[in-house]
Amino acid sequence: MVKRRIKIFDTSLRDGEQSPRCKLNIKRKIEIAKKLEELGVDVIEAGFPISSPLDFNSVQEISKSISNTTICALSRALKKDIEIAANSLKFAKNPRIHTGIGTSNCHIRYKFNSNKDKIMDLAINAVKYAKKFVEDVEFYAEDAGRTENDFLAKICENVIKYGATVINIADTTGFCLPENYGKKIRFLKENVKGIDKISLSTHCHNDLGLATANSLYGIINGAQQVECTINGIGERAGNTSLEEIVMIIKKNNYLNLFSNINTKFLSYISKLVSNHTGIKIQPHKAIVGLNAFSHSSGIHQDGVIKKKETYEIIDPIEIGLNKSSIILTSKSGRAALNYRYKKLGYNLSKNSLDKIYSIFIEYADKKNEINNKELRIIIEKACLNNKTLNL
Ligand code: KIV
Ligand code: ZN
């Protein structure tokens with residue numbers, strides 16, 4: 001069966017930068033954009049140009065520095081926004097304007113104090129106007145996650161008529177369950193006239209920790225593009241994490257999907273984005289967290305030493321790391337201790353290992369992790385205490 005390509009739309013520099021307390025200067029944004037291009041993303045959302053002169057200049061400078069990847073600029077469904085977005089993209093080889101409006105009852109009533117007919121007109125006019133500047137126009141239905149499917153389908157049908165090339169079904173509030181989000185995408189695929197002419201895109205927030213799962217259900221049900229960020233950064237609890245969705249696609253062959261991402265750069269770009277934005281990565285973050293390839297408990301360590309695949313579904317080399325690590329803590333067993341001593345050049349008999357292990361556990365109970373220096377101290381102590389120790 002032929003595999004279906006999923007396009008990766010990275011919004012680290014736009015939605016990602018909306019993370020509270022995150023601020024990037026232009027130089028850093030350009031550096032990240034260049035690395036995103038090397039990583040193989042299809043689209044870089046470079047900013048929201050009307051929001052500030054810095055954002056405008058960033059989109060413009062990124063447009064000059066990037067050769068092949070599509071550069072996208074965000075706008076509201078307002079003429080002024082669209083003009084400024086178009087202007088910021090004038091040096092882009094492949095420009096895209098991303099315009100849209102809130103479509104849920106909650107947004108229509110409380111944010112816009114409006115009604116469905118007026119929102120429909122604004123959506124159509126925004127797409128029509130953006131098409132005057134660029135061929136590639138993505139329409140976002142903000143809060144599509146909480147939008148009635150029939151109204152969403154009508155909006156999609158109309159913006160397609162007026163030239164939208166991509167439609168973003170945004171779960172802005174991270175409200176959906178994977179099954180519901182998947183059904184929404186399937187409903188649109190099956191009920192919107194002209195849907196085959198355009199791509200559907202997922203844009204899922206992580207308020208309930210479901211962003212990646214929702215994106216996955218979106219693409220399984222027919223979406224062709226995923227919007228995501230490095231390390232999952234973004235507004236409030238963040239977005240779908242690029243490294244997670246990409247590795248899910250890569251590791252699950254039966255999905256018959258693929259992306260253009262060179263996964264060997266994932267670890268590098270994750271650290272780069274974390275350093276530049278100042279947003280730390282939680283140690284247990286999937287794929288790129290410090291602990292993602294560290295084995296600490298005795299049972300797991302024993303398995304990994306015998307055969308890596310017992311507890312590792314990803315070879316660390318696949319994401320650009322050298323190897324996984326065996327961490328020595330009070331939860332570690334003899335197999336791990338022996339393994340680490342072997343790496344230091346010691347060949348311990350079973351008897352010696354037993355003796356050293358009991359000293360090791362005393363140390364480990366007082367400390368988080370035992371390092372090589374401490375392993376040497378433990379050996380010295382064991383030798384002094386026991387003349388019969390056979391190393
Ligand atoms: O979450 C959202 O709805 C957005 C849109 C502006 C695309 O970020
Ligand atoms: Zn968003």
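How far is an oxygen atom of ligand 1 from an N or O atom in the side chain of Asp15? In this predicted model, the separation is 3.0 Å. The model is predicted, so that local features need pLDDT of at least 70 and side-chain atom pairs pLDDT 80 or more, while totals for chains, interfaces and linings use all residues. Residues are numbered from 1 along each chain as its sequence is written, chains are lettered from A and ligands numbered from 1 in the order written, and side-chain values use heavy atoms, without hydrogens and water.Polar side-chain atoms of two histidines also approach oxygen atoms of ligand 1, at 3.1 Å for His203 and 3.0 Å for His205; a polar contact is a pair of N or O atoms within 3.5 Å. Of the 260 Å² of accessible area that ligand 1 has on its own, the protein covers 92% (Shrake-Rupley method, 1.4 Å probe).

The shell around ligand 1 comprises two nonpolar, five polar and three charged residues; among its members are Arg14, His98, Tyr140 and Glu142, where a residue is near a molecule if one of its heavy atoms lies within 4 Å. Strands S6 (136-142) and S7 (166-171) each contribute at least two residues to this shell, strands being DSSP runs (E) of at least two residues and helices runs (H or I) of at least four.

The zinc ion (ligand 2) is coordinated at 2.0 to 2.1 Å by Asp15 (OD), His203 (NE2) and His205 (NE2), with donors defined as N, O and S atoms within 2.8 Å of the metal (3.2 Å for Na, K and Ca). Along the chain, these donors have the spacing D-x187-H-x1-H. Because Asp15 lies in the loop between strand S2 (7-10) and helix H1 (26-39), and His203 in strand S8 (residues 199-204), the pair ties together parts that are 188 residues apart in sequence.

Conventions
A polar contact is a pair of N or O atoms within 3.5 Å; within protein, one must be able to donate a hydrogen and the other to accept it, and residues adjacent in sequence count only if both atoms are side-chain atoms. Ala, Val, Leu, Ile, Met, Phe, Trp, Tyr, Cys and Pro count as nonpolar, Asp, Glu, Lys and Arg as charged, and the others, Gly among them, as polar.
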